[in-house]
Structure formats: C-alpha cells, structure tokens
Amino acid sequence: MIKRGFFSKILLFSLPLFFSFNLLGQTTAQDSAFIAQANEVTTKVEHSPKKATLYSTFLPGLGQAYNKKYWKIPLIYAGFGTIGYFIHWNNDNYKIMRQAYADLTDGPGPYGPEDPTNSYMDLEATQYYDLNNPTYYNNFKTGLDKQRSYYRRNRDLLIISIIGFYGLNIIDASVDAHLYDFDISEDLTFNWQPTMQYQDLQYVYGVSCTFTF
C-alpha cells in the first residue's frame, strides 16, 4: 500500500510537469515556424520593372543584366555597333560626294588642271565621262547629286534607327521585368483522342483535343 501510494504521488506531480514541457515545446516550434516565415517574407525582394527600365535607359544592356538575361547584352551591343558602322560609312561617302559635287560646280579655278578643288577626279566613275562634253558633264553632275542625296538619306535613316534600337532595348528590359515573376507551369500538355457523338439521329465520329496549361 505504501509503495502504491508513493508511485501515485510521483505520477500526480509528474503529469503537470510533462504537460508544461509539451506545451513549451509546441509554443517554441510555433514561434520558430512563425519567425522563419516572417524572415522568408522579409528577404523576398520583388523584381522591379521600374529599375530595369531606368537601368537600360542609363546604360543599354544594364536592364537585361538586372533581369538576368545576360545573353541579350552581346546582341544589343552588336546591334549598336553594326548600325554605328553603317552610319559612319554612309557619312564618309556623303562627304566625298558632297565635296566632289562642290568642286565640279565651282568652275575651273585659278590653278587650271592642277586645281586642288578637283576631288571629283579621284572617283572611279570619272573615267567613263568626258567632262569637256556638256552632255557628259551634266550627266556626271546629276549622278553626283543623286549619290550625295542617297548617302545622306541613308545616314539620316540609320541615325533614326539607332534611336529606335535604343528605345527597343528599354522596352525589352521593361517587358522582361514584368514577366520575371510570372509563373509558367511546366505541365503544358496537348492530348487528343477519338470521340463519337450522336447528332441529328446519327453518330458523328471526330477527334477530341485537350490542351492543359
């Protein structure tokens, strides 16, 4: 009887202590889970389309780097380099034709055949024209004028295109930033199977297509 009473007292004292530790453990686990969840929410930084747009405005390709689309950066600078090269090439030819036209139409000059203002003589097309013949002279002058206008127009269009390409770089960075957090499921499936439907008192055979996205 003494032993039974002794163990009963120990059991009565132990139960509250057991439940206290159990509740303490549950509270600690819940607190830890809440802290972990709070830290996850705090550390998750939202991808900003505004930043991507400003970065690409200040420096082309920087917005693409912010979006982690690094493969686009060489393409952007290759595009700028290509357009810039043709702007330079057309501008050089425009200057040559402009100077040649000016030299041709300014008269013989005070130096005769050694006139330094006869840059048109350096053009390859000069060999096909007898400039002493008024008809050939006028045709050659008209050709120079057309070439001058042609290269100037190409240069101006390319300058406009490089401005457009700069704007396209900004738009690309902004669109990529807006789609950065867009959830695209990998479960994209297209299934088809034969079906049979009863219409107009007869059976119609067909194909049923199901697209899952």
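## A salt bridge to start with

Which kind of link joins the side chains of arginine 148 and aspartate 145? They meet in a salt bridge, with N and O 2.4 Å apart. Keep in mind as you look around that this is a predicted model.

Both residues belong to helix H5, and because they are three residues apart there, about one helical turn separates them. Arginine 148 counts as buried, since its relative accessible area is 19% and the cut-off for buried is under 20%. Its partner, aspartate 145, is partly exposed at 27% relative accessibility. Arginine 148 has an aromatic neighbour too: it lies over the face of tyrosine 101, 4.3 Å from the ring centre.

## More salt bridges

Searching the whole structure turns up five salt bridges. One of them pairs aspartate 172 with lysine 72, and their closest N and O atoms are 2.9 Å apart. Aspartate 172 is in helix H5 (residues 134–178) and lysine 72 is in helix H4 (residues 72–105), so this pair ties together parts that are 100 residues apart in sequence. Aspartate 172 is partly exposed, at 24% relative accessibility, while lysine 72 is buried, at 12%. These two also take part in a salt-bridge network that links Lys69, Lys72, Asp172 and Asp176.

Then there's arginine 155, which forms a salt bridge with aspartate 156; here the closest N and O atoms are 3.1 Å apart. Arginine 155 is buried, with 18% relative accessibility, and aspartate 156 is partly exposed, with 33%. Arginine 155 also has a ring beneath its charged end, which sits over tyrosine 94 at 5.0 Å from the ring's centre.

## Glutamine 64 and its neighbours

Now hop over to helix H3 (residues 62–66), where you'll find glutamine 64. Is glutamine 64 buried or exposed? With 0% relative accessibility, glutamine 64 counts as buried.

What does glutamine 64 touch, if you skip its neighbours within four places in sequence? Its contacts are Ser56, Lys69, Tyr70, Lys72, Ile73, Ile76, Asn169, Asp172 and Ala173. Among them are Lys72 and Asp172, the partners in the salt bridge between helices H4 and H5. With serine 56, glutamine 64 shares a side-chain polar contact of 3.2 Å.

## Rings in pairs

Time for the aromatics. A pair of aromatic rings is described by how far apart the centres are and by the angle between the planes. How many aromatic pairs are there? The count comes to seven.

Take tyrosine 55 and tyrosine 66: their rings are edge-to-face, 5.4 Å from centre to centre, with 85 degrees between the planes. Tyrosine 55 is in helix H2 (residues 49–58) and tyrosine 66 is in helix H3, so the pair ties together parts 11 residues apart in sequence. Tyrosine 55 is partly exposed, at 31% relative accessible area, and tyrosine 66 is partly exposed as well, at 22%. Another pair, tyrosine 129 and phenylalanine 140, is tilted instead: the centres are 5.2 Å apart and the planes are at 55 degrees. Tyrosine 129 is in the loop between H4 and H5 and phenylalanine 140 is in helix H5, so these rings tie together parts 11 residues apart in sequence. Tyrosine 129 is partly exposed, at 31%, whereas phenylalanine 140 is buried, at 4%. Finally, look for Trp89, Tyr150 and Tyr151, which ring pairs link into a cluster.

Definitions and conventions: Residues numbered from 1 in each chain as written. Predicted model: local features only at pLDDT ≥ 70, side-chain atom pairs only at ≥ 80, totals over all residues. Heavy atoms only, no water. Helix = DSSP H or I, 4+ residues; strand = E, 2+ residues; numbered from the N terminus. Buried < 20%, exposed > 50% of the residue type's maximum accessible area, 1.4 Å probe, protein only. Polar contact = N/O pair within 3.5 Å; in protein donor to acceptor, adjacent residues only side chain to side chain. Contact = heavy atoms within 4.5 Å. Salt bridge = Lys/Arg side-chain N within 4 Å of Asp/Glu carboxyl O. Phe/Tyr/Trp six-rings, centres within 6.5 Å; stacked < 30°, edge-to-face > 60°. Lys NZ or Arg CZ within 6 Å of the ring centre and 35° of its normal.
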